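Student: I'm new to this one and would like a close look at a single part. Could you take me through the sheet and then show me what else is around?

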Amino acid sequence: MLNLLGMPADASTHAADIDHMIVLIHWLMAVMFVGWGSFFIYVLVRFRKGANPKADYTGAKGKIAKSIEIAVVVAEVILLLFYAIPAWATRVAAFPSENEAVVVHVVAEQFAWNIHYPGPDGKFGRTDIKLVSADNPLGLDRSDPAAKDDVTTINQLNLPVDRPVLIQLSSKDVIHSFGLYEMRVKQDAIPGMTIPVWFVPNRQGEYEITCSQLCGLGHFRMRGFVTIQSQADFTRWFDEQLKEQQK
Ligand SMILES: [Cu+2]
């Protein structure tokens, strides 16, 4: 069924649960589509003008129809109570603590993803809109002590495997959407708001960040890359970036 739906590979711990829910919803929709479709064709034939020259104002009264309606409601309640609401509780209402997670700021702009790591001190350096320039798209204040070990990248998000990632997502201009298909993550980035998103990547590899909201003429080229690597490789990469940016 998953391959039938054309789902991308799973690369986060919650991906399988999301897929399971999507599959169940599609089964319900498939059954309803076939059911309603067949009923529609039956009605077209059964109540055609030729067979019913005079309209019947009372309409059809069937017990089966009511039972089917109740069955659909029950199926939807099961999906809500046992899948959708629990998924919301773990994905959207609860977040990993900042101590155990890798915390990253992601700031969307037309048409790029700005990534900001706090560095070993765990503190994000001050940013200021007055400092924003072509070389400093985040407006990071390098004179702030907390910014000394910060690393910023454009369109390249590196993360260690098997550790919770907490992304604080925002936007500089219009509404974008942060889409990581393999992680089953998608969240709108809205100017003036900082929205947390979290996941645990569990498969090393190269993936894409896709902007999933039509955000302007360059929307089609607004994509970034995600590299999920071992903790050692991640630390090495981070140190290289840091050296590069302190030059
Ligand atoms: Cu965009």
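Student: Let me start with one residue: which residue in β5 stands opposite V103?

Tutor: V103 faces L166 in β5. Before we go on, keep in mind that this is a predicted model. The mean pLDDT of the protein chain is 91, with 97% of its residues at 70 or more. Confidence peaks in β6, at 97, and is lowest in helix α1 (residues 2–5), where the mean is 62. Where pLDDT is low, the predicted coordinates should not be read in detail.

Back to your pair. Strand β1 covers residues 102–109, and seven bridges join it to β5, the two running parallel. Now follow β5 (residues 165–171) to its partner β8: here five bridges do the joining, and the strands run antiparallel. On this side you can pick out Q168, which stands opposite P196 in β8.

Zoom out a little and you'll see that these strands belong to an open sheet of five, ordered β3-β2-β1-β5-β8, with mixed pairing. At the edges sit β3 (151–154) and β8, each of which pairs on one side only. On average, neighbouring strands of this sheet are turned by 25 degrees against each other, if you ignore direction. Helix α4 (residues 231–246) packs on the sheet, where it touches β2 (112–117) and β3, and its direction makes about 95 degrees with that of β3.

Look at β8 once more. Although β8 is an edge strand, this stretch, residues 195–199, is mostly covered, with four of its five residues buried.

While you have the model open, have a look at the copper ion too. Its protein donors are H176 (ND1), C211 (SG), C215 (SG) and M222 (SD), at 2.0 to 2.5 Å from the ion. The angles among those four donor atoms are 91 to 123 degrees, and the site is tetrahedral. Along the chain, the donors are spaced as H-x34-C-x3-C-x6-M. Take H176 and C215: this pair links distant parts of the chain, 39 residues apart. H176 belongs to strand β6 (residues 176–180), while C215 is in the loop between β9 (205–211) and β10 (223–229). Both ends of that link are tucked away: H176 counts as buried because its relative accessibility is 0%, and C215 is buried too, with a relative accessible area of 7%.

Terms used. Residues are numbered from 1 along each chain as its sequence is written. This is a predicted model: local features need pLDDT of at least 70, side-chain atom pairs count only at pLDDT 80 or more; totals for chains, interfaces and linings use all residues. Side-chain values use heavy atoms; hydrogens and water are left out. Donors are N, O and S atoms within 2.8 Å of the metal (3.2 Å for Na, K and Ca); water is not among the atoms, so sites may look incomplete. Four donors count as tetrahedral if all angles lie between 85 and 135 degrees; four count as square planar and six as octahedral if opposite donors are over 155 degrees apart and all others between 65 and 115; anything else is irregular. Buried means under 20% relative accessible area, exposed over 50%, partly exposed in between (1.4 Å probe, protein chains only). Two strands pair if DSSP finds at least two bridges between them. pLDDT is the predictor's confidence in each residue, from 0 to 100. Axes are lines fitted to C-alpha atoms, for helices over the stretch in contact, and angles run from 0 to 180 degrees between N-to-C directions. Contact means heavy atoms within 4.5 Å.
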